[in-house]
Structures are given as structure tokens and as C-alpha cells.
Amino acid sequence: MKIDLTETTSSKINAALVQARRDIGTPAVGMVLTLVIVTDEENAYDALKSANDASHEHPSRIIVVIKRGSRSPRSRRDARLDAEVRVGADAGSGETVVLRLHGELVNHADSVVLPLLLPDAPVVVWWPEGAPSDLAGNPLGALGQRRIADTYACEDPIGVLSGRAAAYAPGDTDLSWTRITPWRSMLAAAMDQQAFQVTSAVVEGEDENPSCELLAMWLADRLKVPVRRTLSAGPGLTSVHLETKDGEIVLDRADGSLATLRMPGQPDRSVALKRRDTAELLAEELRRLDPDNTYASALKFGVAKLESSRAQAAPAGAEPAAAEAEAVAEAVAEAEAPSDAAGSAPAAKGGKAAGKAAPAKKASAKQ
């Protein structure tokens, strides 16, 4: 059931929700939380679909906040609220309110959302894209016990991670962190089987993928060992290597679906490690509404501590011909160098070798 409201108010929206529940014969409110989605028209459909799928596990009132841009000075001055109320089969296992804010009302979205929150129920705020750097400091974010962002959707995810670490508040989380939950579980289970003493680690994955950085920071923070971040063609996170005194532990996922776990003294085994969709990730985050201290500790470890090794890493599967051509060009340049510069040639050569480490960016693929 859908009800369209034009130039409305929060009180009229609440009245429409009550009437809609009565019309479909379910006057009782059986929802466990309020999920506020802050998005735009372009991403609203996908975000709402994921939220509806997640609501089958967590019945909730979903409030979608869409801020509409104004084209003229007059329309920017005029405040208008349009809404769409959905209940029953059109709203998953809860109810949905889609809010479209126009004009000056865009700057006061929290005052519109506040009267629509379920009483005595937790509030979760989710930004599918365009999340602010300070989630808790945002007026809408301040309404929630939990605040969910997705660093993968940012243009500079590595820089955003550093900003999120500085502005972290209890209750903040990131779907890029949620994506590596199966990896963390598998690695922890492998370490529990034997008393391995890890001396170093390598995390391999595609460039500009914050899940890879978060996993590397988690390992460095928990194991207190050096962790290198190397690059591969993907998709997403491809492998983790843990060097121990008994041999190497390797969790390798080359195809984005099935992984191979190799441990010293044991046969290789295949483990399911598929990449999950947004609805599954969101449902996992809604299972716990307390602060994620493990995420906070890994985030605050600092991506900058991994940056130097990450920048010097060559992507896995680099073309041998390209490497050979660079070596030839390097040799020719060295042969043509003036004799009085011979003393500085080794240093120059080493600097060039370090400088050629930055690989071309790979096509993005989540997780």
C-alpha cells in the first residue's frame, strides 16, 4: 500500500502511517528499530531495496531522506516536504517513509526526521554514499546509536579512513569493515588450531579498496607484527599471508568466491568465502547495536603506518615483458650516464626502482 503526500508535515505523515496500518489490518507496531537512510535520487532505489531485504531479519521503520537540489534562488528559499508512505508488501517486513526535502528544509532534515522515529527503539543512520567525515557530528548522525558509512563509495577511500579515525565516536562503523568479517573469522579460526607465533604478515588486494587496508590494520593491531600491504588485480581482497616460525599460513581467494587455506603440516582445504551483497552486510550490522571496539582499535591504528609498504608494492601478476622493458631502459640510461656521475649511479638506480612501484589503478570491485 502506498500513500503520496505533497507539501506535507511530519504530523500528517504519522497520521498516514497509523491509517495505513489500520487499512491493511495490522494496527500494532512490531518493529525493532528505526533505520534512517540518507541518500540521493540516484542511489535511493538500490539503498531502499537492500534495506527492505534486511528488514526480513530486522523488522524496522525505514526513513529515506532525499535532499533535492533547488535550481533557482526562489525555490531555494521555499521549504517544502513531499513524502511517500509504504506499508504491507511494498515495505518489506516493516514500513517505509520516503522524504523529499526541498529548499531551506534541506538544512534542517533532522527536525523532519525526529518526530517520525519509533518511540523507545534504537535508531541506525546509514549513508550508502556521500557520508560526512564526522558521522556523530552530523545532525542526522547525532540521532542514531549506530552510524553506518561505506568508505568504498568514496573517491579517496584511503584518505577518508584517516579522517574517520580522527573523528571516530562510539557507534560508528563501516560496511568496508563488515565485508572482511568472514576473513577475520577464518584467520582467527586458523590461529586457534595451533599455537602459531606470527612474525609478519602480507595483505594482498586491489588498489583503492579500504577493506584491504582495514584487514591489514586489524592484523597489525592484534598481532603486533609488521604488516605489508601489496597490490593485486583483484577482485577485491585476494590473499593474506601470515609468516610463522613453523611455516606460512595462506588464505588465498583468487576468484572472489572460493578460497584455499594452507597451513603448515596440514593438507590444503577449500573454504567458502564469497563476496556478499549490500543487504547481507546491512543485516549483519543491524544484529549488534553496541559500539564495535575491535573496529575502533583497528581504525585508530592508522592507515599511514601501512602506506610506505603499500606504495612500494608491485601488483601481483604484473607483465614480465613490462618489467623486462623497464630493466632494459634502466640499463641503457645507466650506460649513457656521464662518467663523473658514476659514484651516484647506484643511489639513482635504487631511487628509480622504488619510484616505479606505483601501479596503474585497477577496476574497482567491492571487498
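In what order do the 8 strands of the open sheet lie? Select them and read across: the order is E1-E4-E5-E3-E2-E6-E7-E8, and the pairing is mixed. Two strands pair if DSSP finds at least two bridges between them. Helices (H or I, at least four residues) and strands (E, at least two) are DSSP runs, numbered from the N terminus.

This is a predicted model, in which local features need pLDDT of at least 70 and side-chain atom pairs count only at pLDDT 80 or more, whereas totals for chains, interfaces and linings use all residues. Residues are numbered from 1 along each chain as its sequence is written, and side-chain values use heavy atoms, with hydrogens and water left out.

**The whole chain**

Display the full chain: it has 13 helices and 14 strands. Of its 367 residues, 47% count as buried; buried means under 20% relative accessible area, exposed over 50%, and partly exposed in between (1.4 Å probe, protein chains only). Among contacts with a separation of 6 or more, residues 24 or more positions apart account for 72%; a contact means heavy atoms within 4.5 Å.

**The sheet of 8 strands**

Return to the sheet of 8 strands. Its edge strands are E1 (2-5) and E8 (172-174), each of which pairs on one side only. On average, neighbouring strands of this sheet are turned by 15 degrees against each other, direction ignored.

Next, select E1 together with E4 (residues 80-87): 4 bridges join these strands, which run antiparallel. Asp 4 has Glu 84 in E4 as its bridge partner. Show the side chains of E1, which alternate: Ile 3 and Leu 5 point to one face and are buried, while Lys 2 and Asp 4 point to the other and are not.

**The sheet of 6 strands**

Now select the open sheet of 6 strands, in the order E10-E9-E11-E12-E13-E14, again with mixed pairing. The strands at its edges, each pairing on one side only, are E10 (227-231) and E14 (269-272). From one strand to the next, the twist averages 20 degrees. Axes are lines fitted to C-alpha atoms, for helices over the stretch in contact, and angles run from 0 to 180 degrees between N-to-C directions.

Within this sheet, E12 and E13 run antiparallel and are joined by 3 bridges. Val 250 stands opposite Arg 262 in E13. Add H7, which packs on the sheet and touches E9, E11, E12, E13 and E14; its direction makes about 20 degrees with that of E11. Then add H8, which also packs on the sheet, touching E9, E10 and E11, with its direction at about 175 degrees to that of E9.

**The nonpolar cores**

Select the largest nonpolar core, of 39 residues, in which Val 203, Leu 215, Leu 219 and Leu 242 touch the most other members. Such a core is a set of buried Ala, Val, Leu, Ile, Met, Phe, Trp, Tyr and Cys residues joined through side-chain atoms within 4.5 Å. Elements that each supply at least two residues of this core include H5 (157-166), H7 (181-193), H8 (210-223) and H10 (293-301). H8 gives the most to this core, with 8 residues.

Centre the view on Leu 219. Not counting residues up to four places away in sequence, Leu 219 touches Leu 187, Ala 201, Val 203, Lys 224, Val 227, Val 240 and Leu 242. Apart from this core lies another, of 31 residues, among them Leu 81, Leu 101, Ala 109 and Leu 135.

**Thr 244**

Select Thr 244, in strand E11. Why does Thr 244 count as buried? Thr 244 counts as buried because its relative accessibility is 5%. Its side chain reaches the backbone nitrogen of Asp 246 at 3.2 Å and the backbone oxygen of Gly 247 at 2.4 Å. Beyond four places in sequence, Thr 244 touches Phe 196, Gln 197, Val 198, Thr 199, Ile 249 and Pro 264.

**Helix H10**

Finish at H10. At its start, a side-chain oxygen of Asp 292 reaches to within 3.3 Å of the backbone nitrogen of Thr 294. Tyr 295, Ala 296, Ala 298, Leu 299 and Phe 301 of H10 are buried. After H10 comes Gly 302, whose phi is positive, near 105 degrees.

How values were computed:
Polar contact = N/O pair within 3.5 Å; in protein donor to acceptor, adjacent residues only side chain to side chain.
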